Every structure is written in structure tokens, then in C-alpha cells.
Amino acid sequence: VLSLQWDFGTEGTYRTFRIGFTEPWLYNTPTSGGVDIYSTKQNYTYEIEETGFTLNIGRRLKFPDDYFSGDWFLKIQRTNTIHGAGLYETGVRNQVSIGQIISRNSTNSPIFPSIGSRLTLMAEVAGGRILGTINFYKLGFKSEAFKSLDNAGKIVLASLFDIESISSLAGDNYVPPNELFFMGGGGLAYNTVSLRGYDDRTIGPQNKFRSPLGGRFLMKYSV
């Protein structure tokens, strides 16, 4: 499966280009493998460029049941903070990270589920003082549950829970700006968790000029 993605925001606030290839049935087994190559640029009050690629492999599991799957990835990325706007350290840093995602999906549709649940447990470690100049660990858990309230499945009660955290392993406590958590808006802003009823990136730490700084801990619950 070949994929091509190009996103851009109004007034040049962000631009993303991504091309990827995924083999969903590797060697005639329930194993997937793929690569993604990407380039992104943000220009809010600060200016940041990221380029890199991700190698991933996934496997459908039979334990504890057939709904489980595991995914593992290796990410190599160059982060260039051109203008930090007094919020972030400028300069170029290189990242080498590995991660694992264990998920369980029993929903009846990948796009508009009406019954079932999705559970995801994620962990990522970058550098570890050995590779690259970026060092952190990131943990996350997401839960989505769906219940149809009518026989046709047109009225659905959805419960969504998301909790994530990131911590630096570096002596200077550095975390890449785009690894921080931003929230607010309809989900169209780059690298931002949606929360309708609020403007883009208005939920979370801000400086005295009310510019978003990004947080190191995120928790969201909605019904």
C-alpha cells in the first residue's frame, strides 16, 4: 500500500509532506512492515523544521485473544529549531528512538464503529544517552468504547479516554517542541489534540503573551 500525504495550514502556519509504503501481509503471514519518510515545518510564534523516516513492523497476536496486535518502530529524525521565539532552544538536534504499541481492537468498523472498544498502550524511548542528541521517554494509554443505543446503530454512545506523558533523560531537561502536548480546537491544527469549544492550542501552559508552550502531561476524557 503506497500512501502520499500533503497538509498545509492557513498563512503558512504548518506544512507536512509524507510518503509511505506498507506491506500488510508480509511473507504470507499476519505481519505488516513499512516505511514512512516525512518533512514538516511549523511557523506559529516559532519556526521548526523536522525531517526523518520511520521503519515499522506489526503483528496480529493470538494472546490473550485474537483482537490483540503489536507494533514496533524505529524513528530517525532531524529537528531544526530555526526561531524559538524565546520559548524553545534554537539549533539542530538529532533523534534516534524506538517504540512499541500494544493494542486491542474489537470494534465493528474502523471509521464509524457502533459497538466494541479500542485500547492502546504505547511506549517510546529516544537516545538513552547513546544515540542522537535527544533523550526522552514517552508513555501513553488510550481507551475508546462504543455502544449502540438503537438497533440500527445510528445512535452511538462513545466514551474516550487519553493519558500521555513525556520525560527528559537529558541533563539539560530538553524535550523537542513537537513531542510536547498541545490541546484545543477541532483537530485540524498540526500536532494538536482536539477539544471542541476551545481555540487551537489554548489548553495547557502559556507564557505571559498567551503563546502555547506545550505540556509534558496530557489527560482527556469525553463522552
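# Pockets, salt bridges and strands

Trainee: Which residues line the second largest pocket?

Mentor: In this predicted model, the lining of the second largest pocket consists of Lys-142, Ser-143, Glu-144, Leu-160, Phe-161, Asp-162, Val-193, Lys-220 and Ser-222.

Trainee: And which elements give two or more residues to that lining?

Mentor: Strands β8, β9 and β10 (217-222) do so for the second largest pocket.

Trainee: How many residues of each class are in the lining of the second largest pocket?

Mentor: Four are charged, three are nonpolar and two are polar. The space in this pocket comes to about 210 Å³.

Trainee: What is the volume of the largest pocket, then?

Mentor: The largest pocket has about 1100 Å³. Its lining is made up of 31 residues, and those closest to its centre are Arg-18, Lys-75, Glu-124, Lys-138 and Asn-191.

Trainee: Which strands each supply at least two residues of that lining?

Mentor: The strands that do this for the largest pocket are β2, β3 (31-43), β4 (47-60), β5 (68-83), β7 (116-126), β8 (136-148) and β9 (156-168). By class, the lining of the largest pocket holds 11 charged, 11 polar and nine nonpolar residues.

Trainee: Let us turn to charges. How many salt bridges does a search of the whole structure find?

Mentor: The search finds nine. As a general point, side chains of opposite charge can pair when their charged atoms come close.

Trainee: Which residue forms a salt bridge with Lys-41?

Mentor: The partner of Lys-41 is Glu-49, with a distance of 3.9 Å from N to O. Lys-41 is partly exposed at 28% relative accessibility, and Glu-49 is partly exposed at 27%.

Trainee: What about Glu-89; which side chain does it meet in a salt bridge?

Mentor: Glu-89 meets Arg-93, at 2.9 Å from N to O. Here Glu-89 is partly exposed, with 43% relative accessibility.

Trainee: Is Arg-93 buried or exposed?

Mentor: Arg-93 has a relative accessibility of 13%, so it counts as buried, the cut-off for that class being under 20%.

Trainee: Which residue does Asp-172 pair with, and how far apart are the closest N and O atoms?

Mentor: Asp-172 forms a salt bridge with Arg-93, and the closest N and O atoms are 3.0 Å apart. This contact links distant parts of the chain, 79 residues apart: Arg-93 belongs to strand β6 (residues 91-105), while Asp-172 sits in the loop between β9 and β10. Asp-172 counts as partly exposed at 47% relative accessibility.

Trainee: Which residues do salt bridges with shared partners join into one network?

Mentor: That network consists of Lys-75, Glu-124, Lys-138 and Glu-179. Lys-75, Glu-124 and Lys-138 were named earlier among the residues closest to the centre of the largest pocket.

Trainee: On to the strands. In which sense do β1 and β2 pair, and over how many bridges?

Mentor: Strand β1 pairs with strand β2 (residues 14-23) in the antiparallel sense, over seven bridges. Leu-2 has Phe-21 of β2 as its bridge partner, and Ser-3 has Gly-20 of β2.

Trainee: Why is β1 said to lie largely in the open?

Mentor: Strand β1 covers residues 2-8, and of these seven residues the number buried is zero, so the strand lies largely in the open.

Trainee: How many bridges join β2 and β3?

Mentor: There are 10 bridges between β2 and β3, and the pairing is antiparallel. One of the bridge partners in β3 is Ile-37, which pairs with Ile-19.

Trainee: Where is Ser-39 found?

Mentor: Ser-39 lies in strand β3 and is partly exposed, its relative accessible area being 22%. From Ser-39 to Tyr-27 the sequence separation is 12 residues, and the C-alpha to C-alpha distance is 30 Å.

Trainee: Finally, what is the mean pLDDT of the protein?

Mentor: The mean is 91, and 97% of the residues reach 70 or more.

Trainee: Which elements have the lowest and the highest mean pLDDT?

Mentor: Among the elements, β1 has the lowest mean, at 89, and β7 the highest, at 97.

Key:
Residues are numbered from 1 along each chain as its sequence is written. This is a predicted model: local features need pLDDT of at least 70, side-chain atom pairs count only at pLDDT 80 or more; totals for chains, interfaces and linings use all residues. Side-chain values use heavy atoms; hydrogens and water are left out. Buried means under 20% relative accessible area, exposed over 50%, partly exposed in between (1.4 Å probe, protein chains only). Helices (H or I, at least four residues) and strands (E, at least two) are DSSP runs, numbered from the N terminus. Two strands pair if DSSP finds at least two bridges between them. On a 1 Å grid over the protein atoms alone, a cavity is a set of points where a 1.4 Å probe fits but cannot get out, and a pocket is an open set with protein on both sides within 12 Å along at least five of seven lines; lining residues have an atom within 4 Å of a point. Grid points are joined across faces, edges and corners, and a volume is the space filled by probe spheres set on the points. Ala, Val, Leu, Ile, Met, Phe, Trp, Tyr, Cys and Pro count as nonpolar, Asp, Glu, Lys and Arg as charged, and the others, Gly among them, as polar. A salt bridge is a side-chain nitrogen of Lys or Arg within 4 Å of a carboxyl oxygen of Asp or Glu. pLDDT is the predictor's confidence in each residue, from 0 to 100.
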